[in-house]
Amino acid sequence: MATKPEDAPEHCPGVESDSAGKGSACQGCPNQSICASGVALGPDLSAEQVKARLSSVKNTIIVLSGKGGVGKSTFTSLLARTLAAKDANSNIAVLDIDVCGPSMPRVMGVLNEQVHQSGSGWSPVFVDDNLSVMSVGFLLSSPDDAVIWRGPKKTGMIRQFLSEVDWGDTVDFLIIDTPPGTSDEHLSIVQYLKCMNNLQAIVVTTPQEVALLDVRKEIDFCRKTSIPILGVVENMTSFICSNCKQSSEIFPKNTGGAEAMCAELNVPLLGKVPLDPRLAQSCDEGGNFIQEFSDSPATTAFIEIVSKIQGLP
């Protein structure tokens, strides 16, 4: 039987097959030209470089969702800020691999910053003394510049981030913000991080079925790529009026929302985060919502979620 690379897609014909690099399953694969040439694939030295660079990382969390617009970047930023605020001696790092839509510089309040390179690699941008961020957004000449890249170039950028960013001597949590879907960026991050200890995923959704349909695919992706699922977070679960304190469902839970989906698929539900209009404004302005609005039900929900996450070994 033709052998396959470890990171091969599901229908890969194998590098020894006559159709290697030529079949329909090979379209879009970063190794297509190598397989078609007949040259055997050697060891992936990049994976070893990534492993060496991230050897100081204690816990890695990938924030995923099959659906766009559910608040992955907002959740990532607040998760990082909450973890950093709970322990001033911890070191929290955020990596934004949403190459075409890098929003982390804005929501973290470091939009106009730039990364610097030294002998030890790229230096991330620091939001606080114990909170740093890396994003392709820092490498653009303007926030309005479009990133028009094919898959292999995205893969190369992600590999460079993972192998060349100097996060510091110890990283308690590396939190990775991803684009929606199960495509190039997701396959790349799995390829390079599958050897990491304590690699887990948090899946973000909103309550309505149109979001849950795509989130089910993301959970299936995690299982097929052997990424442990730490849990699901239901974002924008309801709107709580700041005056009358009444709760209203903005997105209908016609099928039971994330809670019913988690029970069906046997995955943990980490928590439900209510909708607070002040949160969107805070992200646009790059503010720290957790500190500015400590009385918000959304802040309370995030603190409860972080308490569960800090139970990691």
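**Exercise 1. Is D177 buried or exposed?**

Work through the residue's place, its accessible area and its contacts. Keep in mind that you are looking at a predicted model.

*Solution.*
- Step 1: Find the element. D177 sits in strand β7, which covers residues 171-177.
- Step 2: Look up the relative accessible area. For D177 the value is 0%.
- Step 3: Compare with the cut-off. Buried means under 20% relative accessible area, so D177 is buried.
- Step 4: See what D177 touches. Setting aside neighbours within four places in sequence, the contacts of D177 include V63, K72, S73, T76 and L95. D96, I97, D98 and M104 are also in contact with D177.
- Step 5: Check one long-range pair. D177 and P102 are 75 residues apart along the chain, and their C-alpha atoms are separated by 9.2 Å.

**Exercise 2. Decide whether E285 is buried or exposed, and find how far its C-alpha lies from that of R106.**

*Solution.*
- Step 1: Locate E285. Helix α9, residues 277-285, contains E285.
- Step 2: Apply the cut-off. Exposed means over 50% relative accessible area; E285 has 59%, so E285 is exposed.
- Step 3: Check the pair. Along the chain, 179 residues separate E285 from R106, while their C-alpha atoms are 7.3 Å apart.

**Exercise 3. Describe helix α7: its span, its buried face and what covers that face.**

*Solution.*
- Step 1: Take the span. Helix α7 runs over residues 209-224, which is 16 residues. From first C-alpha to last, α7 reaches 23 Å, close to the 22 Å expected at 1.5 Å a residue.
- Step 2: List the buried residues. In α7 these are A211, L212, V215, E218, I219, F221 and C222.
- Step 3: Look down the axis. The buried residues of α7 fall within an arc of 160°, so they line one face of the helix.
- Step 4: Turn to the other side. The exposed residues K217 and K224 are on the face of α7 turned away from its buried side.
- Step 5: Find the cover. Among the elements that cover the buried residues of α7 are the strands β1 (57-64), β8 (199-205) and β9 (229-240). The helices α6 (184-193) and α8 (257-265) also belong to this cover.
- Step 6: See what comes after. S226 follows α7 and has a positive phi, near 60°.

**Exercise 4. Repeat the reasoning for helix α11, then list the buried residues of α5.**

*Solution.*
- Step 1: Helix α11 (residues 297-309) has 13 residues and reaches 19 Å, close to the expected 18 Å.
- Step 2: A298, T299, A301, F302, I305, V306 and I309 are the buried residues of α11.
- Step 3: These residues lie within an arc of 160° seen down the axis of α11, so they line one face of the helix.
- Step 4: Helix α5 (residues 151-164) has 14 residues and reaches 20 Å, close to the 20 Å expected.
- Step 5: In α5, the buried residues are G151, K154, T155, G156, M157, I158, F161, L162 and S163.

**Exercise 5. How much space lies in the second largest pocket, and which residues are closest to its centre?**

*Solution.*
- Step 1: The volume is about 280 Å³.
- Step 2: The second largest pocket is lined by 18 residues, and L111, G137, L140, S142 and P143 are the closest to its centre.
- Step 3: Sorted by type, the lining has nine nonpolar, six polar and three charged residues.

**Exercise 6. Sum up the whole chain.**

*Solution.*
- Step 1: The secondary structure comes to eleven helices and eleven strands.
- Step 2: Of the 313 residues, 49% count as buried.
- Step 3: Take the contacts between residues at least 6 apart in sequence: 74% of these join residues at least 24 apart.

Methods. Residues are numbered from 1 along each chain as its sequence is written. This is a predicted model: local features need pLDDT of at least 70, side-chain atom pairs count only at pLDDT 80 or more; totals for chains, interfaces and linings use all residues. Side-chain values use heavy atoms; hydrogens and water are left out. Helices (H or I, at least four residues) and strands (E, at least two) are DSSP runs, numbered from the N terminus. The expected span of a helix is 1.5 Å times one less than its number of residues. Buried means under 20% relative accessible area, exposed over 50%, partly exposed in between (1.4 Å probe, protein chains only). The arc is that of the directions from the helix axis to the C-beta atoms. Contact means heavy atoms within 4.5 Å. On a 1 Å grid over the protein atoms alone, a cavity is a set of points where a 1.4 Å probe fits but cannot get out, and a pocket is an open set with protein on both sides within 12 Å along at least five of seven lines; lining residues have an atom within 4 Å of a point. Grid points are joined across faces, edges and corners, and a volume is the space filled by probe spheres set on the points. Ala, Val, Leu, Ile, Met, Phe, Trp, Tyr, Cys and Pro count as nonpolar, Asp, Glu, Lys and Arg as charged, and the others, Gly among them, as polar.
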